[in-house]
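Here are my notes on the model, set out as numbered points for discussion. They begin with a working criterion and then move from the chain as a whole to its individual elements.

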Amino acid sequence: MKGMVRRVGGGVYTVALESGEIVEASLRGRLKLEERAGDQVVIGDRVRLDLIDGEAHVIEEVFPRETTITRSRFGGRTIKVLVANADRLLVVVAAARPKPRRDLIDRLLVVGESGGVTPVIIVNKMDIDGAAEVAKGLEQVYLPLGYDVVRVSALASEGMDRLAEQLCEGIAALAGPSGVGKSSLVNALEPEHALRTGELSRKRGTGRHTTVSSTLIQLRCGGLVADTPGFSDVGVWGVPREELDGCFPELRALRSSCRFRECSHLHEPDCAVRQALDEGAIDPGRFESYSTLYEESGS
Ligand SMILES: Nc1nc2c(ncn2[C@@H]2O[C@H](COP(=O)(O)OP(=O)(O)OP(=O)(O)O)[C@@H](O)[C@H]2O)c(=O)[nH]1
Ligand SMILES: [Mg+2]
Ligand SMILES: [Zn+2]
């Protein structure tokens, strides 16, 4: 039988079978070996299970992933897949408290682009004074690149219809720094999930969350959502540096016009990207993100 992994924690895999039944499963020995090599079975994975002795469900096979959301710690050399087969990566920021960090947004957009997941920017806390200005600033940078920017307020329950469009179909993952209101947004949409918010969740989010279970929450409205713990350090070490420009839509559109085929866009002559930058057609902050990530990314 086949199913999708909904929860992983302490060696137990909760799987939703195609029949709708939810079962707890363990991993086949062979897969456990792979697990140690770092290729874990994660939420969103589609798996094939067997029933051993009529009672114990065992995951026998993991089907190839269509998309991945990976996390590698800033400066780190290890990559961890957080969610498999997600359709959207919701990059959540707050209009204020905490102030949005453009560099972090760009890093998360690259995480989505490199894993084949459509990124969407969610600006929460629109109830705070001055929020409209902040949201407008983000829209000016990111809308022309083709990214949706969705204004919401979990506190004021505003924009819930727009949030529902992002959450109520397929698999979505919430990502963004601690305290921006990721859990609050799910609670605002469907209070019955009662996700932990505020201080408690934040304390847990620092350093220790690698041991905490991860869950795909089944929303009443039909979608599945992963509420990943807040993080402020996002490395992109897993992205080969020659593929990095492909993760920036505005660079992707220009790279074939550079003189050199593997142009880094940093120092080569006749570079279409730097020319566009000089002409003001590329946002300087975006180019800065690109060059920072280029230095960091795997060669
Ligand atoms: N003013 C305002 N405050 C909000 C809003 N949404 C959430 N908050 C507050 O922001 C704080 C953090 O919210 P959480 O939902 O815990 O944030 P989180 O992103 O899940 O944080 P982590 O779980 O640590 O990653 C809480 O004190 C919320 O009450 C909002 O729309 N407006
Ligand atoms: Mg949270
Ligand atoms: Zn170039």
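1. A criterion comes before the rest: a residue is called buried if 20 or more other C-beta atoms lie within 10 Å of its own, exposed if 12 or fewer, and partly exposed in between. The coordinates belong to a predicted model, and the remarks below should be read with that in mind.

2. Helix H5, which comprises residues 182-189, is mostly covered, since seven of its eight residues are buried. By the criterion just given, these buried residues are Lys182, Ser183, Ser184, Leu185, Val186, Ala188 and Leu189. H5 also takes part in the surroundings of ligand 1, because H5 and helix H6 (199-205) each supply at least two residues of that shell.

3. The shell around ligand 1 holds 21 residues, of which the closest are Leu155, Gly181, Ser184, Thr197 and Gly230. Sorted by class, the shell has five nonpolar, twelve polar and four charged residues. Ser184, listed among the closest residues to the ligand, is also one of the buried residues of H5.

4. For the chain as a whole, the secondary structure comes to nine helices and 13 strands. A compact globule of 299 residues would have a radius of gyration near 19 Å, and the value of 20 Å found for the chain agrees with this. The C-alpha trace spans about 70 × 45 × 30 Å along its principal axes. Of the 299 residues, 41% count as buried, and among contacts with a separation of 6 or more, 64% are accounted for by residues 24 or more positions apart.

5. Strand E8 (residues 88-94) deserves a separate point: seven of its seven residues are buried, so the strand is largely enclosed by the rest of the structure. In a regular strand the side chains alternate between the two faces of the sheet. Both faces of E8 are covered, with Arg88, Leu90, Val92 and Ala94 buried on one side and Leu89, Val91 and Val93 buried on the other.

6. Which strands pair with E8? Strand E9 (residues 118-124) runs parallel to E8 and is joined to it by seven bridges, with Val91 standing opposite Ile121. Strand E11 (residues 171-175) also pairs with E8 in the parallel sense, over four bridges, and there Leu90 has Leu174 as its bridge partner. The connection from E8 to E9 involves helix H2 (residues 102-115), and the three elements make a right-handed β-α-β unit.

7. Three backbone features call for a check against the model. Most residues other than glycine have a negative phi, and most peptide bonds are trans. Arg97 and Pro98 are nevertheless joined by a cis peptide bond, with omega about 0°, and Pro98 lies in the loop between E8 and H2. Asp53 has a positive phi, near 55°; this residue is placed in the loop between strand E4 (46-52) and strand E5 (56-62), and it counts as exposed, with 5 C-beta neighbours inside 10 Å. Ala194 likewise takes a positive phi, near 45°, in the loop between H5 and H6, and is exposed, with 10 other C-beta atoms within 10 Å.

8. Towards the N terminus, strand E2 (residues 12-17) and strand E3 (residues 22-27) pair in the antiparallel sense over four bridges, and Tyr13 stands opposite Ala25. The hairpin that E2 and E3 form has four residues between the strands, and Gly20 takes a positive phi near 100° in it. E3 is joined to E5 as well, by three bridges and in the parallel sense, with Ala25 opposite His57. Ala25 therefore appears in both pairings, facing Tyr13 of E2 and His57 of E5.

9. Is Met1 buried, exposed or partly exposed? Met1 is partly exposed, with 15 other C-beta atoms within 10 Å, and its place is in the segment before strand E1 (2-9). Leaving aside residues up to four places away in sequence, Met1 touches Leu17, Glu18 and Leu49. The C-alpha atoms of Met1 and Tyr294, which are 293 residues apart along the chain, are separated by 43 Å.

Note on methods. Residues numbered from 1 in each chain as written. Chains lettered and ligands numbered in written order. Predicted model: local features only at pLDDT ≥ 70, side-chain atom pairs only at ≥ 80, totals over all residues. Pairing = 2+ DSSP bridges. Right-handed = clockwise from strand over helix to strand, strands pointing away. Contact = placed C-beta atoms within 7 Å. Near = placed C-beta within 6 Å. Nonpolar A, V, L, I, M, F, W, Y, C, P; charged D, E, K, R; others polar. Rg over C-alpha atoms; globule rule 2.2 N^0.38 Å.
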